[in-house]
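Here is a short note for a colleague who is coming to this structure for the first time. Please read the points below with the sequence and the model open beside them.

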Amino acid sequence: MVTKFNSTKILIFSEDLFFLYLLPPIIFNAGFQVKKKQFFKNFTTILLFGVIGTVISFCLISVGALLLIQRIGISNLGIKDYLAIGAILSATDSVCTLQVLNQDETPFLYSIVFGEGVVNDATSIVLFNSVQSLDFSSIDTITALKLLGTFLYLFCTSTALGILVGLLSAYIIKTLYLGRHSTDREVALMMLMAYLSYIIAELLSLSGILTIFFCGIVMSHYTWHNVTGSSRTTTRHSFATISFICETFIFISVGMDALDIDQWKKSKASAGTSVAVSSTLFALVLIGRAAFVFPIANITNCIKRRESSKIEFRSQFIIWWAGLMRGAVTIALSYNQATRRSSTQDSSLMITSTIIVVLFSTVVFGSITKPLIEAVQPRHLKPSIFDSTDIPEDLRLQLLENNVPIIQRRSRLSLLMSYPTTTVHYFWRKFDDKVMRPVFGGRGFVPSVPASSSAESEEIS
């Protein structure tokens, strides 16, 4: 009515708005609120799913699109376009994961699916940018090695930047007393430092998603404990509230963009062609995810010795199912790809097909995931893997405290080989207590607040 029916663009999906303003608060809050012990306990599995799995999915979807889409009648796409399709459709929807999984009820599934989703999104974006920057006129081994090297560089530097900015924020609040004794200034400083990490990463052409996620983890471990009690309560609620608002706005924007009839008209494709392309892409998404979830899960099960730490088949199925949802990252990358092509018709067809995949996967899989978890993983029959983080540390870790050097060295090496996760956590905790916390603060650090009330000085755990 506002446009007198001359335009159907009620709310335009903006790629810049999404990546610069809506996505950062969501990813930061997820890192800030995540259960760190559960997340890092499964960190190896998360990296295998998020990095190796995404690369496998990227290859299968790209090859499948190259072989199948041409048979539908679309022949104007090049090698770079098919590789871009593989990167676009490999990106899972971390926002939907936050809505359908609960880290209190299903901590293991939440840490795996959401952790993989964050790494997956970062990997997909890195792959997409690498595809756009490389010359594929002559594909050889050097090109593949350049793609791998670019990915490893961006992954490591983005993670390091997030950790560095998180530690810097903790040091500033603990040592320089900048903004101390003022809840408004402490909360503002934490928000600005978190957003600064994302902006620096984007300016340096790194992965802002990885940077701000690990910045959130570090800030929750150190910076949050350096502020006053009232600031801790405020940050918890304000970060969650801002994240929820951004999530809501993303879903509204994606839904409104699907109603853009002009975009559908530009594709000039029949309903049969549109359905065929969308069905093909969605089938490739199903196959691409199954091709790495079940093999990687079974490989990790063969390596793990304890039965309680292995991933059961029903958990594997839920991990596969919950990761099928595609969201705003997929749409944003498809718009980015469309701006790089000269053919408006093919670009519109790929955008509309992507929207169909996103809407179908979000509505169908998103609505069924919670009932599926309750049916497959009843609450009164939670598998032991869910409670694995609550199991006391192996008694053999007491050998690490032995004063006999030979026994100490042998026990450390054997325990590291037999129980790598628990042993690394043990040594990290000792290093954290002796080196990191005296410098950067953290749990146990009580800021001096003159004339503060007992409510403000009370620690929020």
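1. Helices H3 and H4 are oblique to each other, because the angle between them, about 130 degrees, falls outside the ranges that count as roughly parallel, roughly antiparallel or roughly perpendicular. Please keep in mind throughout that this is a predicted model.

2. To place this pair in the sequence, H3 covers residues 43–72 and H4 covers residues 79–89, and where the two helices pack, their axes lie 8 Å apart. The crossing in which H3 passes H4 is right-handed.

3. The contact itself is made, on the side of H3, by Phe58, Ile61, Ser62, Ala65, Leu66, Ile69 and Gln70, which meet Tyr82, Leu83, Ile85, Gly86, Ala87 and Leu89 of H4. Sorted by character, the residues of this contact comprise 10 nonpolar and 3 polar ones, with no charged residue among them.

4. Turning to the aromatic rings, a search of the whole structure finds 24 aromatic pairs. One pair worth inspecting is that of Phe213 and Phe214, whose ring centres are 5.5 Å apart and whose planes stand at 85 degrees, so that the pair is edge-to-face.

5. Are the two partners of that pair buried or exposed? Phe213 counts as buried because its relative accessibility is 1%, and Phe214, at 7% relative accessibility, likewise counts as buried, the cut-off for this term being under 20%.

6. Elsewhere, ring pairs join Phe282, Phe294, Phe313, Phe317, Trp320, Trp321, Phe360 and Phe365 into a cluster, which a reader may wish to locate in the model.

Technical notes
Residues are numbered from 1 along each chain as its sequence is written. This is a predicted model: local features need pLDDT of at least 70, side-chain atom pairs count only at pLDDT 80 or more; totals for chains, interfaces and linings use all residues. Side-chain values use heavy atoms; hydrogens and water are left out. Axes are lines fitted to C-alpha atoms, for helices over the stretch in contact, and angles run from 0 to 180 degrees between N-to-C directions. Helices (H or I, at least four residues) and strands (E, at least two) are DSSP runs, numbered from the N terminus. Angles under 35 degrees count as roughly parallel, over 145 as roughly antiparallel, 65 to 115 as roughly perpendicular and the rest as oblique. A crossing is left-handed if the near helix is turned anticlockwise from the far one by less than a right angle, and right-handed if clockwise. Contact means heavy atoms within 4.5 Å. Ala, Val, Leu, Ile, Met, Phe, Trp, Tyr, Cys and Pro count as nonpolar, Asp, Glu, Lys and Arg as charged, and the others, Gly among them, as polar. Rings of Phe, Tyr and Trp (its six-membered ring) pair if their centres lie within 6.5 Å; planes under 30 degrees apart count as stacked, over 60 as edge-to-face and the rest as tilted. Buried means under 20% relative accessible area, exposed over 50%, partly exposed in between (1.4 Å probe, protein chains only).
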